[in-house]
Amino acid sequence: MTSPVTREAAVTVRVFTQRFSSTPRGARLARRLALHQLDRWGVPYGSETADTVGQLVAELAANAVTHGRVPGRDFELRLSYDSGQRLRVDVSDTRGERRPTAPAAPRPLDEGGRGLLLVEALASRWAVLDRVPVGKTVRAELDLTGPYAGPDRSCGNPEAS
């Protein structure tokens, strides 16, 4: 007895991983390279998706540099793009004991405390994960639905026609 053959759609997951110095300059570079990589994957500069991911990378990298910095240790950025379905931003540092908690509304004159509020507002979901062997990873995921869902749509992508 043979079972019928079912074909599943191919899934392409693109991944970009890079380490950066735990400095403000490293955080800026992480954002710039993330936007460049998205453009290479067909998510154009200035699109809603690219702008949102750029803001997520900027906030998470700034938090890693500010709160997760260990002298002499880098932070790591990892982007995963699941063919128009989901884009995941992982920022890892080596300070596992300093974990972010659910964001609370800062007082009007507070100088900080708004970064995770932005992450919560922009991301479809976010979480803090243990990093093996040491540290933590803050993950933000963006579901790609709506007007621009990646290179399979025709938003500025000549190959999609």
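Helices and strands here are DSSP runs, numbered from the N terminus, with at least four residues for a helix and at least two for a strand. Counted that way, the protein chain has 3 helices and 5 strands. The model is a predicted one, so keep that in mind as we walk through it.

**The overall layout**

Reading along the sequence, you'll meet the elements in the order β-α-α-β-β-α-β-β. The protein chain has 161 residues, and 39% of them count as buried. Its accessible surface comes to about 9,800 Å², with carbon and sulfur atoms making up 49% of that. What about contacts between residues that sit far apart in sequence? Take the contacts in the chain with a separation of 6 or more: 63% of them join residues 24 or more positions apart.

**Helix 1 against helix 2**

Let's start with the first helix pair. Helix 1 covers residues 24-40, and it packs on helix 2 at an angle of about 155°, the axes being 9 Å apart. Angles over 145 degrees count as roughly antiparallel, so that is the label helix 1 and helix 2 get relative to each other. Their crossing is right-handed.

Who does the touching? From helix 1 come Pro24, Ala27, Ala30, Arg31, Ala34, Leu35 and Leu38, and from helix 2 come Ala50, Val53, Gly54, Val57, Ala58, Ala61, Ala62 and Val65. Sorted by class, this contact has 13 nonpolar residues, 1 polar and 1 charged.

Leucine 35 is a handy one to click on. This leucine is in helix 1, and it counts as buried because its relative accessibility is 11%, below the 20% cut-off. Setting aside neighbours within four places in sequence, leucine 35 is in contact with Tyr45, Ala50 and Gly54. The C-alpha atoms of leucine 35 and valine 57 are separated by 9.3 Å, with their positions 22 residues apart along the chain.

**Helix 2 against helix 3**

Helix 2 (residues 48-67) has another partner: helix 3 (residues 115-122) packs with it at an angle of about 150°, and here the axes are 10 Å apart. Helix 2 and helix 3 are therefore roughly antiparallel too. The handedness of this crossing is left-handed.

On the helix 2 side, the contact uses Thr52, Gln55, Leu56, Glu59, Leu60 and Asn63; on the helix 3 side, it uses Gly115, Leu116, Leu118, Val119 and Leu122. By class, those residues split into 6 nonpolar, 4 polar and 1 charged.

Two residues in this contact are worth a look together. Threonine 52 lies in helix 2 and leucine 122 lies in helix 3. Are they buried or exposed? Threonine 52 counts as buried, because its relative accessibility is 15%. Leucine 122, at 32% relative accessibility, counts as partly exposed.

Leaving out neighbours within four places in sequence, threonine 52 is in contact with Leu122 and Leu142. With that kind of neighbour left out again, leucine 122 touches Thr52, Gln55, Leu56 and Leu142. Leu142 appears in both of these lists, and strand 5 spans residues 136-143. Leucine 122 also has its C-alpha atom 8.6 Å from that of valine 53, a residue 69 positions away along the chain.

**A cis bond in a loop**

Now over to the strands. Most peptide bonds are trans. The one from valine 132 to proline 133 is cis, with omega near 10°. Where does this bond sit? Proline 133 is in the loop between strand 4 (125-130) and strand 5 (136-143), and valine 132 is found in that loop as well.

Both partners have relative accessibilities over the 50% cut-off for exposed: valine 132 counts as exposed at 76%, and proline 133 is exposed at 78%. Glycine 96 makes a useful landmark for this loop, with its C-alpha atom 9.8 Å from that of valine 132 and 9.9 Å from that of proline 133.

Here are the C-alpha separations from the whole tour in one place.

| Residue pair | Separation along the chain | C-alpha distance |
|---|---|---|
| leucine 35 and valine 57 | 22 residues | 9.3 Å |
| leucine 122 and valine 53 | 69 residues | 8.6 Å |
| valine 132 and glycine 96 | 36 residues | 9.8 Å |
| proline 133 and glycine 96 | 37 residues | 9.9 Å |

Notes. Residues are numbered from 1 along each chain as its sequence is written. This is a predicted model: local features need pLDDT of at least 70, side-chain atom pairs count only at pLDDT 80 or more; totals for chains, interfaces and linings use all residues. Side-chain values use heavy atoms; hydrogens and water are left out. Axes are lines fitted to C-alpha atoms, for helices over the stretch in contact, and angles run from 0 to 180 degrees between N-to-C directions. Angles under 35 degrees count as roughly parallel, over 145 as roughly antiparallel, 65 to 115 as roughly perpendicular and the rest as oblique. A crossing is left-handed if the near helix is turned anticlockwise from the far one by less than a right angle, and right-handed if clockwise. Contact means heavy atoms within 4.5 Å. Ala, Val, Leu, Ile, Met, Phe, Trp, Tyr, Cys and Pro count as nonpolar, Asp, Glu, Lys and Arg as charged, and the others, Gly among them, as polar. Buried means under 20% relative accessible area, exposed over 50%, partly exposed in between (1.4 Å probe, protein chains only). Accessible areas come from the Shrake-Rupley method with a 1.4 Å probe; for residues, only the protein chains shown count as cover.
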